[in-house]
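Trainee: Got a minute to go through a structure with me? I'd like to understand how the pieces sit together.
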Amino acid sequence: MKTPESASSTVSDEQVNLEDIEIRLLLEAIYQLYGYDFRSYSKASLRRRVLHRLGMSGLPSIMAMTDRVLRDQQFFVTLLNDLTVNVTEMFRDPEFYRAFRDEVIPVLKTFPFIKIWHAGCATGEEIYSMAIMLEEEGLYDRAMLYATDIDKNVLAAAKKGIYSYAAVKQYSENYRRAGGKSSLADYYTAKYDGVIMDQRLKRNIVFADHDLATDQVFGEMNVIVCRNVLIYFDRELQQRVFRLFRDSLDMGGYLCLGTKESLRFSACEEHFEPVVADMRIFRKRQLMKRDAR
Amino acid sequence: MGASWGGLDAYSRILGKLPANLPVPVLLVQHQHPSGGDKLPWILDTRTALRVVAPMDKTPLEPGCVYVAPPGYHMLVDVDHTVCYSLAAPVNYSRPSIDELFFSAGHVYGRNVLGIILTGANDDGAAGITYIKQRGGITMAQSPVTAEARVMPEAAIATGCVDEIHDLDDMGDMISALVFGLQA
């Protein structure tokens, strides 16, 4: 095989292996000092985000970054924000919200009281979307919404509910496509260079920090929404979280995943049945004895 | 493989020449608008003997299959040879980004990667193809004169890390020859 002169630098398997060890040490340091457990996150995407931060930081190596993380809390907060990928939108995937409104809401209307858990709520856009939908369907006052995230900083942002104008423009379009019944502008107030969500939308929302990697069951939910969170976990951690969700859901409770997330590669698939398969809305089902494996 | 402007035609012509028994998985990034539909896998599936799939997160990679990155997500290869998605910020204004796929494939497969840059109007993939080369993999670019948009293959070639440059209509056969050659 010919090798062009300019490609003289090589990255050997040994170098890659050392990098992998350095990343594991970084994650161990984060876990021991700050208690955030990234050790079972997807190796490929975690690696990309660590190397991205390394490049931005100007530090010479991952070891140097670990040293910085141990001594500089502000630097850690920045890295934490990279590692948790808090990308979200209001009414993200409008077709999902439309399906939820058409297929799940009518069933929820038959319940006297509803508990909904948004696991990995990031900066809160999806929990406000759910709150708006429940208001419009006359269900909000019977509902309790739990918004949890591993990162206390983004939870604080979620609680504030302040978003930029640029973002809200996109959200309004999503809201319309999701089958919204009025105008998104009815649910926020313009403030400075952004908008603040109607504080009344928060009256039944509880914000709490919860780490899917280490914390326990969040009991007797009717709906769990966890969209585009599990993609960052490895298969074992996904398995743990699916079990956690199964055990946190009432029988017949709904599990809503991101459009690219699947139960197929977990041992929990048999515990759920699809309600709207392509929108990743599932229902916990009663396992018959003959089904049990 | 990575492409942007003109990618559908280029992918159709290359995949059309690859045999169903290709002994490796093919991963493909096409820049698309995030709100664009998910139709690309279905279109490509009609044009090749390979099985084209729109993978879910954690789908295991299998030989003879083509995995198409969905609009709005970065698609990576994970260490357990499965598909891994990320919503991290766009790279080179692109999500999916060719660089992200190439970095992860280079990391996991080392010398056993063939990285290919096709037609496109930005320089996404140039950093990734450099990394594949540094990891001992093989690199290929479409000859810019046969590309609908030449910026992307030119940027890749300018890195000095591209082993082979071929006209679009020769690429399918060259890929087969390389892949089957490495197997032997």
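Mentor: Sure, let's go through the domains, a helix pair, the chain contact and then chain B, bearing in mind that this is a predicted model.

Trainee: Which domains does the assignment give for chain A?

Mentor: The assignment splits chain A into domain 1, residues 12-84, and domain 2, residues 94-291. Their centres, taken over C-alpha atoms, are 29 Å apart.

Trainee: How many residues does each domain put into the contact?

Mentor: Domain 1 of chain A gives ten residues and domain 2 of chain A gives eleven. On the domain 1 side, H2 and helix H4 (73-84) of chain A are the elements that supply two or more residues. H4(A) gives the most there, with three residues.

Trainee: And what's the chemistry on that side, by class?

Mentor: The side of domain 1 of chain A that touches domain 2 has four nonpolar, four polar and two charged residues.

Trainee: Switching to helices: at what angle do H1 and H3 of chain A pack?

Mentor: Helix H1 (residues 13-34) of chain A and helix H3 (residues 62-71) of chain A pack at about 5 degrees, and their axes are 9 Å apart. Angles under 35 degrees count as roughly parallel, so H1(A) and H3(A) are roughly parallel to each other.

Trainee: Which residues meet there?

Mentor: From H1(A), the residues include Ile23(A), Leu26(A), Ile30(A) and Leu33(A), and they face a set in H3(A) that includes Ile62(A), Met65(A), Val69(A) and Leu70(A). By class, the contact of H1(A) with H3(A) has eleven nonpolar, one polar and two charged residues.

Trainee: OK, new topic. How many residues does each chain put into the contact between A and B?

Mentor: Chain A puts in 27 residues and chain B puts in 28. On the chain A side, H1 and helix H2 (43-57) each supply at least two residues. The largest share of that side, six residues, comes from H2(A).

Trainee: What's the mix by class on the chain A side?

Mentor: The side of chain A that touches chain B has ten nonpolar, seven polar and ten charged residues.

Trainee: Last one: what is chain B built from?

Mentor: Chain B has six helices and nine strands. Its C-alpha atoms fill a box of roughly 35 × 30 × 30 Å along the principal axes.

Trainee: How does the radius of gyration of chain B fit a compact globule?

Mentor: It agrees: a compact globule with 184 residues would be near 16 Å, and chain B has 14 Å. Buried residues make up 56% of the 184 residues in chain B.

Terms used: Residues are numbered from 1 along each chain as its sequence is written. Chains are lettered from A and ligands numbered from 1 in the order in which they are written. This is a predicted model: local features need pLDDT of at least 70, side-chain atom pairs count only at pLDDT 80 or more; totals for chains, interfaces and linings use all residues. Axes are lines fitted to C-alpha atoms, for helices over the stretch in contact, and angles run from 0 to 180 degrees between N-to-C directions. Helices (H or I, at least four residues) and strands (E, at least two) are DSSP runs, numbered from the N terminus. Angles under 35 degrees count as roughly parallel, over 145 as roughly antiparallel, 65 to 115 as roughly perpendicular and the rest as oblique. Two residues are in contact if their C-beta atoms, placed from the backbone, lie within 7 Å. Ala, Val, Leu, Ile, Met, Phe, Trp, Tyr, Cys and Pro count as nonpolar, Asp, Glu, Lys and Arg as charged, and the others, Gly among them, as polar. The radius of gyration is taken over C-alpha atoms; the globule rule is 2.2 Å times the number of residues to the power 0.38. A residue is buried if 20 or more other C-beta atoms lie within 10 Å of its own, exposed if 12 or fewer, and partly exposed in between; C-beta atoms are placed from the backbone. Domain bounds come from an automatic or database domain assignment.
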